[in-house]
Amino acid sequence: MAHHKSVFTDVDVRSHENNLAHRTREIDRERLIVRRGQPFSITLQCSGPLPAKHYLELKLRLGKKDEVVITVQNERGAGDKWWFNQQEAQGEIVLTLHSPADAIIGHYHLAVLLLAHDRHTVERIDKVAFHMLFNPWCKDDVVYLPDESLLQEYVMNEDGVIYQGAWDYIRSIPWNYGQFEDFVMDICFEVLDNSNNALKNSVMDMEHRFDPVYVSRIIAAMVNSNGDRGVLAGRWSEPYTDGVPPYHWTGSVKILRQWSKAGFRPVKYGQCWVFAAVACTVMRCLGIPSRVITNFDSAHDVDGNLSLDIMLNDRLEPVETKDSKWNFHCWIESWMKRGDLSKGCDGWQVLDPTPQERSEGEFRCGPCPVTAIKEGKLDVKYDAPFVFAEVNADIVHWIVQRDGQRRKIKEDQKSVGKNISTKSPYGNYREDVTLHYKYPEGSREEREVYEKAGHRVTGAVEENTEPGQLQLSIKHAKPVFGTDFDVIVEVKNTGSKEAHAQLTMVATAVTYNSIHRGECQRESINVTVQAHKVHKQVLRLHYDHYVKCVSEHHVIRVKALLDVLGENEPIMNVVNIPLSKPELLVEVPGMAVLWEKVTAHVSFTNPLPVPLKGGVFTVEGAGLLPATEIPVIGDVAPGQKVSVKFSFSPMRAGVKKLMVDFDSDRLKDVKGVGTVVVRRKYTRPFYENPIIHIFGLSNNYP
């Protein structure tokens, strides 16, 4: 048999122009990374033309054990199959591969075979590999989002803002999602590969990875470490000494890298916004449009009765109850069509990776269509009753007396699911999405939804429909952590005769998810309020007192209870007062140029009446520098300004954000952010020019 001279001499995956056209250049410039439903081209260098009657066959393998093998058809067949076409010219063959819009996402290996007419393989080239992601730019992909400015935010933006605090005092923290940073994409696939499903049956798991409903449900379970090899362990109270306190993180990248490096052992510790932010990074990286949502006054309804029963003893201290109301709770929304559900369920889906309740055996929640929550369709997959309760449950307070009897307390406010917030795609400001989740309060539609959901309507015919003659309200300024401040409790008598009552005021420290951390102050007095008059009672809160019990979330909860002589139901009001922290000032003077050293300045002033010890700044930024710690030398005296300088060399061009966190013994979770515009030094390299149009690849495909 004559010795066959090899035809293929080399292969070029043309990652520069493919990755640019597929909007993955931020992830990698060397490796080929493409999005499904959109063609890409590779070039085979040949020693001469293909021998007569020989032809090419392309085979794809997916998974570590070749769980899926696909033969690529050599002409356009039905729209749901892989196919390729070829053009020969000047000793090259350009192969253009067309993937279906529902292709499996993952790491593919491509073999190009040269076959003789009797189908035996003359030669093969095996060294081509590429990654395939979801394609929200492709109209046939179920994650298609037809608005470029939304795609720039919900897929491409590596920086964000997460809302925290209380419904009437919303604060924001910057977050570095960093979905295109080095190794993050590989770690996202490791997240999928380490799920219980993948470890149990890798073939079945791989075959389902075309479906964002399946993939997002796996991610919701894998971001927390409960019951699997997940990324983050949750912890909701100090001490955090054997890990990183949840409030210390400023981005997802360090968490994901640490998990991967430690052999998939959970990273300590997360709370709801950290779980949500890491899930958002993974989803954006894989190409599913996603955003972090904050729900203020979020209900955690354990028994599913759409009512939170909160038990207090006669000193107004919480008695163990499973149900709880969180000052805020974060989850994510991801955009996709729901082919598995009836009409009207496409669009934003709630996914909640914080471990709260099991869903089909795993700690996860969703995807659940936001529209199903708004319409009260609680039989819709997945976990609609739990999400519905988070934004709609009633809260009933009871006082459990010493003899075990319960007294129901009148509440003054409608309190669950307020100011549901996300970062606007048009800038660093808040967009309110409450009306995506529920109809306006008091509307006819709201009543209809409640009835459909089997939810009793509050405020409907109570035994005593007369409004009481006394009204109770609590007022406060926006206090700064470290200062003394006043809380004013007002008792208003709207009736025509004077009233006598006992007023109890209790200030307690709580975490953001309502874990009781101890009492700061309490006062109980008898008040007499003249007809049509207002009685004001001042509760002065001193730093020296509240600092002993306040949690790392810096929230003081003030409860006021009015026991009116001659009435059987006491009146209660509750406010959560977040104590604000100083702003960190982040400045980057001068021009920032790719790969050239630039210096940043960070400063803030100690607002506390005590010195700060063990101060550490942590700085990071996607495309700028990995998370880096800068210790402060010595103590920071009360009122002293502390500033540090540090240098870094930007790694990627464009508008980037520098995130900074400051922690010390007595002041933690101080955040700041600076904008850095990184310019390229030279004119653009040749491969960025539209030279690629020659190959039939257009930048604005599809």
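This text walks through salt bridges, a helix pair and one tyrosine in a predicted model. Residues are numbered from 1 along each chain as its sequence is written, and side-chain values use heavy atoms, with hydrogens and water left out. Because the model is predicted, local features need pLDDT of at least 70 and side-chain atom pairs count only at pLDDT 80 or more, while totals for chains, interfaces and linings use all residues.

Start with charge. Side chains of opposite charge can pair when their charged atoms come close. Here a salt bridge means a side-chain nitrogen of Lys or Arg within 4 Å of a carboxyl oxygen of Asp or Glu. By this rule the model holds 38 salt bridges.

Take lysine 418 and aspartate 297. Their side chains form a salt bridge, with N to O at 3.1 Å. This pair links distant parts of the chain, 121 residues apart. Lysine 418 sits in strand β24 (residues 418-423), and aspartate 297 sits in strand β14 (residues 290-300). Strands (E, at least two residues) and helices (H or I, at least four) are DSSP runs, numbered from the N terminus. Are these two residues buried or exposed? Buried means under 20% relative accessible area, exposed over 50%, and partly exposed in between (1.4 Å probe, protein chains only). Lysine 418 has a relative accessible area of 13%, so it is buried. Aspartate 297 is at 3%, so it is buried too.

Next comes glutamate 596. It forms a salt bridge with lysine 681, and the closest N and O atoms are 2.9 Å apart. The two lie 85 residues apart in the chain. Glutamate 596 is in the loop between β34 (592-593) and β35 (598-605). Lysine 681 is in the segment after β40 (670-679). Glutamate 596 has a relative accessible area of 30%, so it counts as partly exposed.

A third pair joins aspartate 661 and lysine 671, at 2.7 Å from N to O. Aspartate 661 belongs to strand β39 (residues 654-663) and lysine 671 to strand β40, ten residues apart. Aspartate 661 is buried, at 0% relative accessibility. Lysine 671 is buried, at 8%. Salt bridges also form a network, which links Glu26, Glu158, Glu181, Arg652 and Lys656.

Now turn to the helices. Two packed helices are described by the angle between their axes and the distance between the axes. Helix α3 (residues 184-193) and helix α7 (residues 253-261) have axes that come within 10 Å and cross at roughly 60°. Axes are lines fitted to C-alpha atoms, for helices over the stretch in contact, and angles run from 0 to 180 degrees between N-to-C directions. The crossing angle makes α3 oblique to α7. Angles under 35 degrees count as roughly parallel, over 145 as roughly antiparallel, 65 to 115 as roughly perpendicular and the rest as oblique.

Which residues of α3 and α7 meet? Contact means heavy atoms within 4.5 Å. From α3 come Val184, Ile187, Glu190 and Val191. From α7 come Val253, Leu256, Arg257, Trp259 and Ser260. Helix α3 is mostly covered, with seven of its ten residues buried. Among them are Met185, Cys188 and Phe189.

Finally, look at tyrosine 382. It lies in the loop between α9 (370-375) and α10 (384-392). Its relative accessible area is 15%, so tyrosine 382 is buried. Tyrosine 382 and arginine 217 are 165 residues apart in sequence, yet 9.2 Å apart in space, C-alpha to C-alpha. Leaving out residues up to four places away in sequence, tyrosine 382 touches several residues, including Arg217, Arg338, Asp340 and Glu360.
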